[in-house]
Amino acid sequence: KKNFTVAIDGFSSCGKSTVAKAVAKKLNFVFVDSGAMYRAVTLFIQRNDIALDDEVAIQQALDNIHIDFVPNLEKTQILLNGEDVSEAIRTMEVSEYVSEVSAIKAVRKAMVHQQQQLGKKRNIVMDGRDIGTTVFPSADLKIFMTASPQVRAERRYAELAAKGEEITMEEVKENLAHRDHIDSTREESPLRQAEDAIVLDNTDLTQEEQLDFVLNLVREKL
Ligand code: C5P
(Lines give C-alpha, C1' and ligand atoms only; values in the text may rest on other atoms or scores of the structure.)
Protein backbone atom coordinates (compact mmCIF):
# COMPACT_ATOMS: atom_id res chain seq x y z
CA LYS A 1 0.00 0.00 0.00
CA LYS A 2 1.19 3.47 -0.89
CA ASN A 3 2.30 5.92 1.79
CA PHE A 4 -0.01 8.74 2.86
CA THR A 5 1.00 12.40 2.62
CA VAL A 6 -0.65 15.34 4.39
CA ALA A 7 0.37 18.87 3.31
CA ILE A 8 -0.49 21.80 5.58
CA ASP A 9 0.19 25.30 4.28
CA GLY A 10 -0.75 28.81 5.28
CA PHE A 11 0.40 32.22 6.47
CA SER A 12 2.77 32.76 9.39
CA SER A 13 1.55 31.88 12.87
CA CYS A 14 -1.71 30.22 11.89
CA GLY A 15 -0.92 27.26 14.11
CA LYS A 16 0.08 24.94 11.27
CA SER A 17 2.81 23.15 13.19
CA THR A 18 0.64 22.64 16.24
CA VAL A 19 -2.05 20.88 14.21
CA ALA A 20 0.45 19.01 12.05
CA LYS A 21 2.24 17.70 15.13
CA ALA A 22 -1.00 16.58 16.79
CA VAL A 23 -2.20 14.82 13.63
CA ALA A 24 1.14 13.05 13.20
CA LYS A 25 1.15 11.94 16.82
CA LYS A 26 -2.39 10.59 16.63
CA LEU A 27 -1.80 8.67 13.40
CA ASN A 28 1.80 7.73 14.11
CA PHE A 29 2.98 9.58 11.00
CA VAL A 30 6.29 11.40 10.65
CA PHE A 31 5.99 15.15 11.29
CA VAL A 32 8.22 17.60 9.44
CA ASP A 33 8.22 21.35 10.11
CA SER A 34 9.62 22.67 6.83
CA GLY A 35 9.83 26.21 8.22
CA ALA A 36 12.35 24.95 10.78
CA MET A 37 14.60 23.93 7.89
CA TYR A 38 14.51 27.43 6.36
CA ARG A 39 15.15 28.86 9.81
CA ALA A 40 18.19 26.59 10.28
CA VAL A 41 19.62 27.73 6.94
CA THR A 42 19.02 31.34 7.99
CA LEU A 43 20.81 30.79 11.30
CA PHE A 44 23.80 29.31 9.48
CA ILE A 45 23.92 32.25 7.05
CA GLN A 46 23.70 34.78 9.88
CA ARG A 47 26.36 33.10 11.97
CA ASN A 48 28.74 32.98 9.03
CA ASP A 49 27.96 36.49 7.85
CA ILE A 50 27.10 35.40 4.35
CA ALA A 51 25.69 38.08 2.06
CA LEU A 52 22.41 37.06 0.46
CA ASP A 53 23.51 38.19 -2.99
CA ASP A 54 26.71 36.14 -2.84
CA GLU A 55 25.51 33.17 -4.87
CA VAL A 56 28.76 31.23 -4.58
CA ALA A 57 28.89 31.56 -0.80
CA ILE A 58 25.19 30.65 -0.50
CA GLN A 59 25.67 27.52 -2.57
CA GLN A 60 28.76 26.63 -0.55
CA ALA A 61 26.75 27.10 2.64
CA LEU A 62 23.96 24.86 1.32
CA ASP A 63 26.50 22.18 0.47
CA ASN A 64 27.82 22.34 4.02
CA ILE A 65 24.50 22.35 5.82
CA HIS A 66 23.12 19.12 7.14
CA ILE A 67 19.71 19.20 8.78
CA ASP A 68 18.30 16.37 10.87
CA PHE A 69 15.12 15.89 12.82
CA VAL A 70 15.32 13.85 16.02
CA PRO A 71 11.91 12.83 17.31
CA ASN A 72 11.73 12.94 21.09
CA LEU A 73 8.93 12.21 23.51
CA GLU A 74 8.20 15.86 24.19
CA LYS A 75 9.19 17.55 20.97
CA THR A 76 11.15 17.02 17.80
CA GLN A 77 14.64 18.46 17.94
CA ILE A 78 16.18 20.02 14.87
CA LEU A 79 19.89 19.53 14.37
CA LEU A 80 22.06 21.81 12.25
CA ASN A 81 25.28 19.94 11.52
CA GLY A 82 24.75 17.93 14.69
CA GLU A 83 23.98 20.90 16.94
CA ASP A 84 20.55 21.19 18.54
CA VAL A 85 19.25 24.53 17.26
CA SER A 86 15.58 24.03 18.21
CA GLU A 87 15.64 27.15 20.39
CA ALA A 88 18.12 29.23 18.42
CA ILE A 89 15.97 29.19 15.26
CA ARG A 90 12.95 30.67 17.07
CA THR A 91 14.40 34.08 17.92
CA MET A 92 13.18 37.33 16.37
CA GLU A 93 16.62 37.75 14.82
CA VAL A 94 16.03 34.68 12.67
CA SER A 95 12.37 35.56 12.05
CA GLU A 96 13.34 38.95 10.71
CA TYR A 97 15.61 37.46 8.08
CA VAL A 98 14.13 34.09 7.22
CA SER A 99 11.78 35.20 4.44
CA GLU A 100 14.57 36.93 2.55
CA VAL A 101 16.66 33.77 2.79
CA SER A 102 13.71 31.60 1.79
CA ALA A 103 13.14 33.60 -1.38
CA ILE A 104 16.57 32.60 -2.76
CA LYS A 105 16.22 30.09 -5.58
CA ALA A 106 19.16 27.89 -4.58
CA VAL A 107 17.91 27.72 -0.99
CA ARG A 108 14.45 26.58 -2.10
CA LYS A 109 15.86 24.04 -4.51
CA ALA A 110 17.99 22.43 -1.80
CA MET A 111 15.23 22.42 0.83
CA VAL A 112 12.49 21.13 -1.48
CA HIS A 113 14.77 18.29 -2.52
CA GLN A 114 15.45 17.30 1.10
CA GLN A 115 11.76 17.56 1.96
CA GLN A 116 10.79 15.29 -0.92
CA GLN A 117 13.36 12.75 0.26
CA LEU A 118 11.88 12.82 3.77
CA GLY A 119 8.44 12.08 2.35
CA LYS A 120 9.46 9.08 0.33
CA LYS A 121 7.98 5.76 1.40
CA ARG A 122 6.62 6.94 4.73
CA ASN A 123 3.43 8.41 6.07
CA ILE A 124 4.12 12.05 6.66
CA VAL A 125 2.56 15.33 7.77
CA MET A 126 4.53 18.33 6.57
CA ASP A 127 3.68 21.97 7.18
CA GLY A 128 4.98 25.06 5.41
CA ARG A 129 4.14 27.45 2.60
CA ASP A 130 4.56 25.45 -0.60
CA ILE A 131 4.06 21.86 0.51
CA GLY A 132 0.79 21.29 -1.37
CA THR A 133 1.88 23.30 -4.41
CA THR A 134 5.54 22.38 -4.89
CA VAL A 135 6.94 19.80 -2.47
CA PHE A 136 4.08 17.28 -2.64
CA PRO A 137 1.75 18.43 -5.45
CA SER A 138 0.00 15.07 -5.34
CA ALA A 139 -0.39 14.90 -1.56
CA ASP A 140 -3.33 12.76 -0.41
CA LEU A 141 -4.69 15.61 1.69
CA LYS A 142 -3.97 19.33 1.45
CA ILE A 143 -5.03 21.79 4.12
CA PHE A 144 -4.73 25.55 3.82
CA MET A 145 -4.85 27.21 7.23
CA THR A 146 -5.92 30.74 7.99
CA ALA A 147 -6.73 32.78 11.08
CA SER A 148 -7.44 36.44 11.68
CA PRO A 149 -4.30 38.64 11.80
CA GLN A 150 -5.15 39.72 15.34
CA VAL A 151 -5.40 36.15 16.64
CA ARG A 152 -2.19 35.16 14.85
CA ALA A 153 -0.26 38.08 16.33
CA GLU A 154 -1.60 37.35 19.82
CA ARG A 155 -0.54 33.72 19.60
CA ARG A 156 2.95 34.52 18.36
CA TYR A 157 3.37 37.29 20.92
CA ALA A 158 2.42 34.97 23.77
CA GLU A 159 4.86 32.36 22.47
CA LEU A 160 7.79 34.80 22.31
CA ALA A 161 6.94 36.51 25.60
CA ALA A 162 6.86 33.14 27.35
CA LYS A 163 10.43 32.61 26.18
CA GLY A 164 11.48 35.95 27.60
CA GLU A 165 11.97 37.78 24.30
CA GLU A 166 11.62 41.51 24.80
CA ILE A 167 9.23 42.42 22.09
CA THR A 168 6.11 44.47 21.52
CA MET A 169 2.84 43.38 19.95
CA GLU A 170 3.47 45.96 17.23
CA GLU A 171 6.82 44.36 16.33
CA VAL A 172 5.22 40.93 16.16
CA LYS A 173 2.47 42.22 13.86
CA GLU A 174 5.00 43.92 11.61
CA ASN A 175 7.11 40.79 11.36
CA LEU A 176 4.11 38.62 10.43
CA ALA A 177 2.98 41.10 7.77
CA HIS A 178 6.52 41.41 6.44
CA ARG A 179 6.97 37.65 6.10
CA ASP A 180 3.52 37.09 4.62
CA HIS A 181 4.22 39.74 2.02
CA ILE A 182 7.57 38.31 0.92
CA ASP A 183 6.35 34.71 1.14
CA SER A 184 3.35 35.34 -1.10
CA THR A 185 5.01 37.62 -3.64
CA ARG A 186 8.34 35.86 -4.21
CA GLU A 187 9.03 34.45 -7.65
CA GLU A 188 9.97 30.94 -6.58
CA SER A 189 7.07 28.82 -5.24
CA PRO A 190 5.16 31.65 -3.55
CA LEU A 191 2.71 30.91 -0.77
CA ARG A 192 -0.69 30.25 -2.27
CA GLN A 193 -3.59 27.92 -1.71
CA ALA A 194 -3.43 24.79 -3.86
CA GLU A 195 -6.54 24.34 -5.99
CA ASP A 196 -7.42 21.10 -4.25
CA ALA A 197 -6.67 22.31 -0.73
CA ILE A 198 -9.32 22.41 1.98
CA VAL A 199 -9.44 25.63 3.99
CA LEU A 200 -9.25 25.47 7.76
CA ASP A 201 -9.90 28.80 9.44
CA ASN A 202 -9.03 28.27 13.08
CA THR A 203 -9.72 31.77 14.40
CA ASP A 204 -12.46 30.44 16.65
CA LEU A 205 -11.46 26.79 16.96
CA THR A 206 -9.79 24.97 19.83
CA GLN A 207 -6.78 22.77 19.12
CA GLU A 208 -8.95 19.72 19.66
CA GLU A 209 -11.49 20.90 17.10
CA GLN A 210 -8.74 21.50 14.57
CA LEU A 211 -7.30 18.06 15.18
CA ASP A 212 -10.71 16.43 14.70
CA PHE A 213 -11.28 18.39 11.50
CA VAL A 214 -8.07 17.08 9.93
CA LEU A 215 -8.37 13.55 11.32
CA ASN A 216 -11.84 13.20 9.82
CA LEU A 217 -10.51 14.21 6.42
CA VAL A 218 -7.62 11.78 6.67
CA ARG A 219 -9.91 8.92 7.67
CA GLU A 220 -12.17 9.60 4.70
CA LYS A 221 -9.22 9.02 2.42
CA LEU A 222 -7.26 6.31 4.21
O1 C5P B 1 6.77 28.08 9.45
P2 C5P B 1 7.66 29.20 9.90
O3 C5P B 1 6.90 30.45 10.23
O4 C5P B 1 8.59 28.79 10.99
O5 C5P B 1 8.56 29.51 8.62
C6 C5P B 1 9.52 30.54 8.65
C7 C5P B 1 9.72 31.11 7.26
O8 C5P B 1 10.28 30.11 6.41
C9 C5P B 1 8.46 31.56 6.53
O10 C5P B 1 8.10 32.90 6.86
C11 C5P B 1 8.89 31.44 5.07
O12 C5P B 1 9.62 32.58 4.68
C13 C5P B 1 9.83 30.27 5.08
N14 C5P B 1 9.19 29.02 4.60
C15 C5P B 1 9.11 28.82 3.24
N16 C5P B 1 8.60 27.64 2.76
C17 C5P B 1 8.17 26.69 3.60
C18 C5P B 1 8.22 26.89 4.99
C19 C5P B 1 8.73 28.08 5.47
O20 C5P B 1 9.50 29.68 2.46
N21 C5P B 1 7.71 25.53 3.10
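Begin by selecting the ligand in this predicted model, and then colour helix H2 (34-47), helix H5 (98-102) and helix H9 (169-185), each of which supplies at least two residues of the shell around the ligand. Of these contributions, the one from H2 is the greatest, with four residues given to the shell. Now show the 14 residues around the ligand and look for Gly 35, Tyr 38, Ser 99, Ser 102 and Gly 128, which come nearest. If you colour the shell by class, you should find three nonpolar, six polar and five charged residues in it.

**Next stop: helix H2**

Keep H2 selected and hide the ligand for a moment, so that the helix can be followed from end to end. H2 has 14 residues, and the distance from its first C-alpha to its last is 20 Å, close to the 20 Å expected at 1.5 Å a residue. Is H2 mostly covered or mostly open? It is mostly covered, since 11 of the 14 residues in H2 are buried. The buried residues of H2 include Ser 34, Ala 36, Met 37 and Tyr 38, and the list continues through Arg 39, Ala 40, Val 41, Thr 42, Leu 43, Phe 44 and Ile 45. When you pass the end of the helix, pause at Asp 49, which follows H2 and has a positive phi, near 55°.

**Into the nonpolar core**

In soluble globular proteins, nonpolar side chains tend to be buried together. To see the largest nonpolar core here, which has 49 residues, select Ile 8, Ala 40, Val 41, Val 125 and Ile 143, the members that touch the most other members. H2 is again the element to watch, because the largest share of this core, eight residues, comes from H2. Centre the view on Ala 40 and, leaving out residues up to four places away in sequence, look for what Ala 40 touches: Ile 67, Ile 78, Leu 80, Val 85 and Ile 89.

**A second helix: H6**

Move on to helix H6 (residues 105-118), which has 14 residues and reaches 20 Å from its first C-alpha to its last, close to the 20 Å expected at 1.5 Å a residue. Which residues of H6 are buried? Select Val 107, Arg 108, Ala 110, Met 111, Val 112 and Gln 115, which are the buried residues of this helix. Then bring in the elements that cover them, among which are strand S2 (30-33), H2, helix H3 (55-64), H5, strand S6 (124-128) and helix H7 (131-135).

**Positions named in the UniProt record**

The unreviewed UniProt entry lists a "binding site" made up of Gly 10, Phe 11, Ser 12, Ser 13, Cys 14, Gly 15, Lys 16, Ser 17 and Thr 18. Start with Gly 10, which is placed in strand S1 (residues 5-10), and which counts as buried because it has 27 C-beta neighbours inside 10 Å. Apart from its neighbours within four places in sequence, Gly 10 is in contact with Lys 16, Phe 144, Met 145 and Thr 146. At the other end of the list, Thr 18 lies in helix H1 (residues 16-27), and with 16 C-beta neighbours inside 10 Å it counts as partly exposed.

The unreviewed entry also carries the annotation "domain: Cytidylate kinase", which covers residues 6-219. If you select that span, you will find that its end C-alpha atoms lie 12 Å apart, and that the span is 50% helix and 16% strand.

**Last stops: three exposed residues**

Select Val 70 in strand S3 (residues 67-70), where 11 C-beta neighbours inside 10 Å make this residue count as exposed. Setting aside neighbours within four places in sequence, Val 70 is in contact with Thr 76, Gln 77 and Leu 79. You can also draw a distance between the C-alpha atoms of Val 70 and Asp 84, which are 14 residues apart along the chain and separated by 9.4 Å.

Now find Asn 28 in the loop between H1 and S2, a residue whose phi is positive, about 60°, although it is not a glycine. Why does Asn 28 count as exposed? It does so because it has 7 C-beta neighbours inside 10 Å, and a residue is exposed if that number is 12 or fewer.

Finish at Asn 81, in the loop between strand S4 (77-80) and strand S5 (83-84). Asn 81 has a positive phi of about 45° although it is not a glycine, and its 12 C-beta neighbours inside 10 Å mean that Asn 81 counts as exposed.

Notes:
Residues are numbered from 1 along each chain as its sequence is written. This is a predicted model: local features need pLDDT of at least 70, side-chain atom pairs count only at pLDDT 80 or more; totals for chains, interfaces and linings use all residues. A residue is near a molecule or strand if its C-beta atom, placed from the backbone, lies within 6 Å of it. Ala, Val, Leu, Ile, Met, Phe, Trp, Tyr, Cys and Pro count as nonpolar, Asp, Glu, Lys and Arg as charged, and the others, Gly among them, as polar. A nonpolar core is a set of buried Ala, Val, Leu, Ile, Met, Phe, Trp, Tyr and Cys residues joined through C-beta atoms within 7 Å. A residue is buried if 20 or more other C-beta atoms lie within 10 Å of its own, exposed if 12 or fewer, and partly exposed in between; C-beta atoms are placed from the backbone. Two residues are in contact if their C-beta atoms, placed from the backbone, lie within 7 Å. The expected span of a helix is 1.5 Å times one less than its number of residues. UniProt positions are given in the numbering used here, feature names are shortened, and annotations may be inferred rather than shown by experiment.
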